[in-house]
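Good morning, colleagues. Please look at the sequence and the structure on the screen while I describe how the parts are arranged.

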2 protein chains.
Amino acid sequence: MFQHLESFPAGTAIPIDRVLAAVPFDANGLIAAIAQQFDSGEVLMLAWMNRQALEETLTSGRACYWSRSRRALWRKGETSGCLQHVREIRLDCDGDAVLLLVDQLGGACHTGRRSCFYNRIDNNQLVVLSDPPPHGGDIHEP
Amino acid sequence: MFQHLESFPAGTAIPIDRVLAAVPFDANGLIAAIAQQFDSGEVLMLAWMNRQALEETLTSGRACYWSRSRRALWRKGETSGCLQHVREIRLDCDGDAVLLLVDQLGGACHTGRRSCFYNRIDNNQLVVLSDPPPHGGDIHEP
C-alpha cells in the first residue's frame, strides 16, 4: 500500500484500518517513533511502537510507546508527569517510521533533560551538551 | 558508558574510540539514525547505521547509512545527487539513536519529496501531504 501511495497526489486519503494493516512492523512487531516538539522543531527522543501503542496514541492523543526493556506498553509521562500531547502524526514513505509532533511537558529524557540527544560528537570526542537537572529524572522511564 | 554519562555535567568529553566501542548496536549491528534539516528543523528521514556507516559519516562529513534492503553501505545521494552535508551529530542518552543535523540537497525521500514523512494520520485516515515531484525520485535509493 505504501509503495502505491508514493505516486499519489496530495490530498489522497486512505482509511486508517487499511493503513494499520499495511504498516510493516518488524520481526519484533515494532516500528521506530520520533518525537519532535511541534513548535520549536527540537527532536526530543526516539522510541518504539507496536500496533497497540500506535492505536492507543491515535485514540488517546498522548504518546504511548512500547518499552523494549520492560516489554510493556509505555504511556509516556504516566509516572513522571512528562506527558507528550500529540499535535500531529505522520508516517514515512514506507510506513515503518512514525513522526510525532508533540507538546512535551517537562523533559522527554529519563535523565530529566529536555531532549535525549544531549551528546554531541565533535572533533573526535563526544561532548555532553547539558547538565542533568538537579531534580533528576524518572528511573521508571522507559 | 552511556549510563555513566547521564549524570555528567555539560562539557564532559569522551574520546570517540571509547564511544564507538560502547554504542549498543542491535542484533543486526544497527542503530537508528534521524536526519533533520539543520536550519528549518524539518525531520527528513529515518534510516539505519552500522558501525562502518557511522564512522564513514564522521570522517567524510556526508551521511552514510546501511541499506537493510540492499545489505550494503548507502552513501546518501551517491546516485541521486541528493547529498546530506552533516553539520552536527548527536547520540541519545543510551547511545542507540543518532541525530544528524544536515544540509539536505534536493529531496531526502526516494520519491523525490523533500521529507519522507509526507503521510499524515488525521480523522481516522491517512492523507498524502505533498505531490510527488514531476521529475520523480531515485529508485536506487535506498
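**Strands, sheets and the contact between the chains**

I begin with β7(B), a strand that is mostly covered: seven of its eight residues are buried. Please keep in mind throughout that this is a predicted model.

Let us first see what stands beside β7(B). On one hand there is β2(B), which runs parallel to β7(B) and is joined to it by six bridges. Within this pair, B:Ala33 stands opposite B:Val98. On the other hand there is β6(B), which runs antiparallel to β7(B), with seven bridges between them. Here the bridge partner of B:Leu91 is again B:Val98 in β7(B). The strands β6(B) and β7(B) form a hairpin with five residues between them, and in this hairpin B:Gly95 takes a positive phi near 80°.

A residue that touches this turn deserves a short remark. Where is B:Val23 found? B:Val23 is in the loop between α2 and β2 of chain B. Leaving aside residues up to four places away in sequence, B:Val23 touches B:Ile31 and B:Gly95. B:Val23 counts as partly exposed because it has 17 C-beta neighbours inside 10 Å, where 20 or more would make a residue buried and 12 or fewer would make it exposed. From B:Val23 to B:Ala72 the separation is 49 residues in sequence and 20 Å in space, C-alpha to C-alpha.

I now turn to the whole sheet. In what order do the seven strands of this open sheet stand? The order is β1(B)-β9(A)-β8(A)-β6(B)-β7(B)-β2(B)-β3(B), and the pairing is mixed. At the edges stand β1 (13-15) and β3 (43-49) of chain B; each has a single partner strand, so one side of each is left without a neighbour in the sheet. Neighbouring strands of this sheet are turned by 30° against each other on average, direction ignored.

The order shows strands of chain A set among strands of chain B. One junction between the chains is the pairing of β8 of chain A, residues 119-122, with β6 of chain B, residues 84-91, which is antiparallel and has three bridges. A:Ile121 stands opposite B:Ile89 in β6(B). Helix α3 of chain B, residues 51-60, lies across β8 of chain A together with β3, β6 and β7 of chain B, and runs at about 120° to β6(B).

There is a second open sheet to describe. Its seven strands have the order β1(A)-β9(B)-β8(B)-β6(A)-β7(A)-β2(A)-β3(A), also with mixed pairing. In this sheet β1 (13-15) and β3 (43-49) of chain A stand at the edges, each with a single partner strand, so one side of each has no neighbour in the sheet. The twist from one strand to the next averages 30°. Between the chains, β6 of chain A and β8(B) run antiparallel and are joined by three bridges, and A:Ile89 has B:Ile121 as its bridge partner. Inside chain A, six bridges join β2 and β7, which run parallel; A:Gln37 has A:Val102 as its bridge partner there.

How are the two chains related? A rotation of 180° with 0.0 Å of shift along its axis superposes chain B on chain A, with an RMSD of 0.0 Å. The two copies are thus related as by a two-fold rotation axis. In chain B, the C-alpha nearest the axis belongs to B:Gly41, at 2.6 Å. The same surface serves both copies, since 98% of the contact residues of chain B recur in chain A.

As to the extent of that contact, 47 residues of chain B are in contact with 46 residues of chain A. On the chain B side, the elements that give two or more residues include β1, α2, β2 and β3, as well as β6, β7, β8 and β9. The residues of that side divide into 30 nonpolar, eleven polar and six charged.

I close with the interior. The largest nonpolar core has 80 residues, and those with the most contacts inside it are A:Ala33, A:Ile34, A:Leu100, B:Ala33, B:Ile34 and B:Leu100. Which residues does A:Leu100 touch, not counting those up to four places away in sequence? Among them are A:Ala33, A:Ile34, A:Ala63, A:Val86 and A:Ile89. Of these, A:Ile89 is the residue already named as the bridge partner of B:Ile121 in β8(B).

Technical notes. Residues are numbered from 1 along each chain as its sequence is written. Chains are lettered from A and ligands numbered from 1 in the order in which they are written. This is a predicted model: local features need pLDDT of at least 70, side-chain atom pairs count only at pLDDT 80 or more; totals for chains, interfaces and linings use all residues. Two strands pair if DSSP finds at least two bridges between them. Helices (H or I, at least four residues) and strands (E, at least two) are DSSP runs, numbered from the N terminus. Axes are lines fitted to C-alpha atoms, for helices over the stretch in contact, and angles run from 0 to 180 degrees between N-to-C directions. Two residues are in contact if their C-beta atoms, placed from the backbone, lie within 7 Å. Copies are superposed by least squares on the C-alpha atoms of residues with pLDDT of at least 70 in both. Ala, Val, Leu, Ile, Met, Phe, Trp, Tyr, Cys and Pro count as nonpolar, Asp, Glu, Lys and Arg as charged, and the others, Gly among them, as polar. A nonpolar core is a set of buried Ala, Val, Leu, Ile, Met, Phe, Trp, Tyr and Cys residues joined through C-beta atoms within 7 Å.
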